[in-house]
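Here is a short, friendly briefing to read with the structure open beside you. Take a moment to turn the model around before you start on the points below.

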Amino acid sequence: MTVINPGTHLLIDFYGAQNLQNIALIEQTMRQAATACGAKVLEIKLHSFGENSGITGVAILAESHISIHTWPEIEYVALDVFVCGSCDPKKSLPIFRSAFLPQKEKISEHQRG
């Protein structure tokens with residue numbers, strides 16, 4: 001049986017985070033993070049749940065996806081970076097840290113397949 005690695009999946013939790021309602025910044029950050037990973041953005045879809053509420057969305061990549069879910073009321077953001085091929089999801093971390101300025105983080109890495 002041949003072992004195939006479909007990609008690397010990062011699960012990122014940021015606590016004490018900022019800028020969680022700024023939809024323009026979030027879109028720009030997702031684009032920059034994808035580029036940093038070596039991925040190509042096909043489409044970004046974001047939805048704001050209104051004033052004082054969070055944002056959820058996804059960047060569809062040629063190499064898989066990046067998703068985001070924010071909870072500004074508790075200063076928490078959950079990010080999901082799944083890429084395949086020669087892309088490196090860890091290269092997205094400085095971009096996300098710079099945009100959301102977390103006080104604490106938890107990151108787990110999973111090899112898919």
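What follows is a tour of one helix, one loop residue and several aromatic rings. Please keep in mind that this is a predicted model. Helix α1 spans residues 23-37, and its buried residues pack against β2 (41-48), β3 (55-61), β4 (64-71), β5 and α2. The structure also holds three aromatic pairs.

**Helix α1**

- The 15 residues of α1 should span 21 Å at 1.5 Å a residue, and the end C-alpha atoms are indeed 21 Å apart, so expectation and model agree.
- Which residues of α1 are buried? They are Ile26, Thr29, Met30, Ala33, Ala34 and Cys37.
- Looking down the axis of α1, you will find these buried residues within an arc of 135°, so they line one face of the helix.
- An α-helix has 3.6 residues a turn, so residues three or four places apart point the same way.
- On the face of α1 turned away from the buried side sit the exposed residues Ala24 and Thr35.
- Gly38, just after α1, has a positive phi of about 95°.

**Ser92 in its loop**

- Ser92 belongs to the loop between β5 (76-83) and α2 (93-100).
- Is Ser92 buried or exposed? Its relative accessibility is 0%, so Ser92 counts as buried.
- Beyond its neighbours within four places in sequence, Ser92 is in contact with Ala33, Cys37 and Val81. Ala33 and Cys37 are among the buried residues of α1.

**Aromatic rings**

- A pair of aromatic rings is described by the distance of the centres and the angle of the planes.
- Among the three aromatic pairs is Trp71 with Tyr76: the ring centres are 5.3 Å apart and the planes lie at 40°, so this pair is tilted.
- Within that pair, Trp71 is partly exposed at a relative accessible area of 34%, whereas Tyr76 is buried at 16%.
- Phe96 and Phe100 make a stacked pair, with 6.4 Å from centre to centre and 15° between the planes.
- Both Phe96 and Phe100 lie in helix α2, four residues apart, which is about one turn of the helix, and both are buried.
- Tyr15 joins Trp71 and Tyr76 in one aromatic cluster.

**Charged side chains over rings**

- Lys104 lies over the face of Tyr15, 5.3 Å from the ring centre; Tyr15 is the ring already met in the aromatic cluster.
- Arg112 lies over the face of Phe82, at 5.4 Å from the ring centre.

Methods
Residues numbered from 1 in each chain as written. Predicted model: local features only at pLDDT ≥ 70, side-chain atom pairs only at ≥ 80, totals over all residues. Heavy atoms only, no water. Helix = DSSP H or I, 4+ residues; strand = E, 2+ residues; numbered from the N terminus. Buried < 20%, exposed > 50% of the residue type's maximum accessible area, 1.4 Å probe, protein only. Contact = heavy atoms within 4.5 Å. Phe/Tyr/Trp six-rings, centres within 6.5 Å; stacked < 30°, edge-to-face > 60°. Lys NZ or Arg CZ within 6 Å of the ring centre and 35° of its normal. Expected span 1.5 Å × (residues − 1). Arc of directions from axis to C-beta.
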